[in-house]
Amino acid sequence: MEGRDAVSDEQAATAAGAEPEQKKGFEFPGTMTVLVLVTFIVWVAAFLIPSGTYQHDDSGVPVPGSYQQVDSPQDVGERVGDFFLAPVNGLYGLQDPETGFVRPFGVGSLFGAVGVFAFVLAIGAFMTMVLATGALDVAIGKLAYAVRGRPWLVIVAVMALFSLLGTTMGWADETLGFYALLIPLLLALGYDRMAVAGMIIASTTVGAMASTVNPFSIGVASEFADAGIGDGIGLRWIGWAVLTAITIAYVVRYAERVKAQPDSSLVGFLPEDEELVKKEEAASRLTLTGRQKLILGITAFTFALLVFSVIPWDSIINLSVEVDPYTHEPLPNDPWWNLGWWFPELIALFLVASVVVGLVAGFSEKQITGNIARGFGDFIGAGVAVVLARGVTVILNNTQTIDTILSWMESAVSDASSVAFIGLVFVINTGIAFIIPSSSGHATLAMPLLAPLGDFADVSRPLVVTGWSWGAGIARFVTPTSAVVMAGIALAGVRYDRWIRFILPLMVILAVVSVVMLGIAAALE
């Protein structure tokens, strides 16, 4: 294929068995090194940012105007210990309900990302098992042949679906399971690995950014802003349609340019990409066996159940709520199919599905366990990236610097006009999202402070919620504390600096369009 001519001289030499010529000058580090450097930079910055805290009500919500600077809760020795324990806390740290500190021991709620870590490994086991059967190769080869006239439709369809799931239910970490499916497909269509990363990360991020009824972001933010989740939904749906269309057009334009001119690829093509494409082309001429068809059915069912099981149907379709006649507590009328699964159930789903696929394929016990172990090994890098990213947030939490940053935000937006206020809400929350990657956590901390200030600036609370969502969302395209970004580019085989180079122009476009729409909405209120 024409796209394979883009393999660099070094890659070609490596494929031929020759020693590649040593590169001179600086080479950007890999994902894990970037995260370690970010951890160190944040740890040093925490010495420069004063510790402080807000008073909180009974629900743990910060009270506006109550910020006070406090003495550092840790001495230098404890901070050094926190730095070295950051990956451990990022994996299974527990947050003490009284002090708020995160430690790898004691009693408290889980703060670490062990659920996401194990989910990534389970995905690796499942996909390795499926790939070992050869069923996916044949299916991808035939699909690539079927859409060869309009291959960009695959990108449009996947991005539209992922963005819709993002805007309605916060579809994010769940996308990590789709890289092993989509990388060989897009390579077979003549695209590169950046197109895969852009298709998955950009679509889910813009969907979550332009959330409409997502209960984990808009729902939480609206609750703390004392606004209904449906208030302002018209603007949010318009914003979602506009921002999603821009994002899809941007990724498709890049992918089609790479297909026509492979030298324009930001990541190039690896020798293994060449072999993968040849494998898919050869597989397209094969016929699926009965076992392989059944395995594809199991694969499709597993991913469909993944999507269905995590959707909060009770929040989206407003299922009727009954009241207990004695306690007067609401009793959700959840039907049996409203599963409400999360990482524990999803991990079990993919591990069980791995074994089922191995049995259907006729593999021996050693082959099944070997494929599972190999899958764990292939995906361990992405899992470690998740853990390191979470560890950065632990450092900020334990030094009590997050409330100080929030107080700077509160001071910055005070006494601003309506248009200036909503613009500042967007910009400031873009910065805060870098240190608070959780949308629900960000909303819990920021919205009780922003919503009352919006009243003084004559900006409605639903518009404040929208401005917060769009501003926080724009940062999550690149934030190194995001598992979706760091684990995603690790799975796609894309370096962080190349990802920044690819996505930064899109971020600027989306930011300008968002601020303009917010400014017009504020002026018209």
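Leaving aside its neighbours within four places in sequence, which residues is F477 in contact with? In this predicted model, the list runs A202, T205, V206, M209, V485, W499, I503, L506, M507 and L510.

F477 also turns up when we look at the largest nonpolar core, which holds 158 residues. Within that core, F477 and W499 are the two that touch the most other members. Helix α21, spanning residues 496–524, supplies the largest share of the core, with 12 residues. As background, nonpolar side chains tend to be buried together in soluble globular proteins.

Let's step back to the whole chain. There are 525 residues in the protein chain, and 52% of them are buried. Its secondary structure comes to 21 helices and seven strands. If you take contacts between residues at least 6 apart in sequence, 77% of them join residues at least 24 apart.

Now for one pair of helices, α17 and α18. Their axes come within 12 Å and cross at roughly 165 degrees. That angle is over 145 degrees, so the two helices count as roughly antiparallel to each other. As for handedness, the crossing of α17 and α18 is right-handed. Here is who meets whom:

| Helix | Span | Residues meeting the other helix |
|---|---|---|
| α17 | residues 418–432 | F421, V425, N429 and I432 |
| α18 | residues 439–456 | H442, A446, L450, L453 and G454 |

Sorted by class, this contact of α17 with α18 has six nonpolar residues, three polar ones and no charged ones.

Terms used: Residues are numbered from 1 along each chain as its sequence is written. This is a predicted model: local features need pLDDT of at least 70, side-chain atom pairs count only at pLDDT 80 or more; totals for chains, interfaces and linings use all residues. Side-chain values use heavy atoms; hydrogens and water are left out. Axes are lines fitted to C-alpha atoms, for helices over the stretch in contact, and angles run from 0 to 180 degrees between N-to-C directions. Helices (H or I, at least four residues) and strands (E, at least two) are DSSP runs, numbered from the N terminus. Angles under 35 degrees count as roughly parallel, over 145 as roughly antiparallel, 65 to 115 as roughly perpendicular and the rest as oblique. A crossing is left-handed if the near helix is turned anticlockwise from the far one by less than a right angle, and right-handed if clockwise. Contact means heavy atoms within 4.5 Å. Ala, Val, Leu, Ile, Met, Phe, Trp, Tyr, Cys and Pro count as nonpolar, Asp, Glu, Lys and Arg as charged, and the others, Gly among them, as polar. A nonpolar core is a set of buried Ala, Val, Leu, Ile, Met, Phe, Trp, Tyr and Cys residues joined through side-chain atoms within 4.5 Å. Buried means under 20% relative accessible area, exposed over 50%, partly exposed in between (1.4 Å probe, protein chains only).
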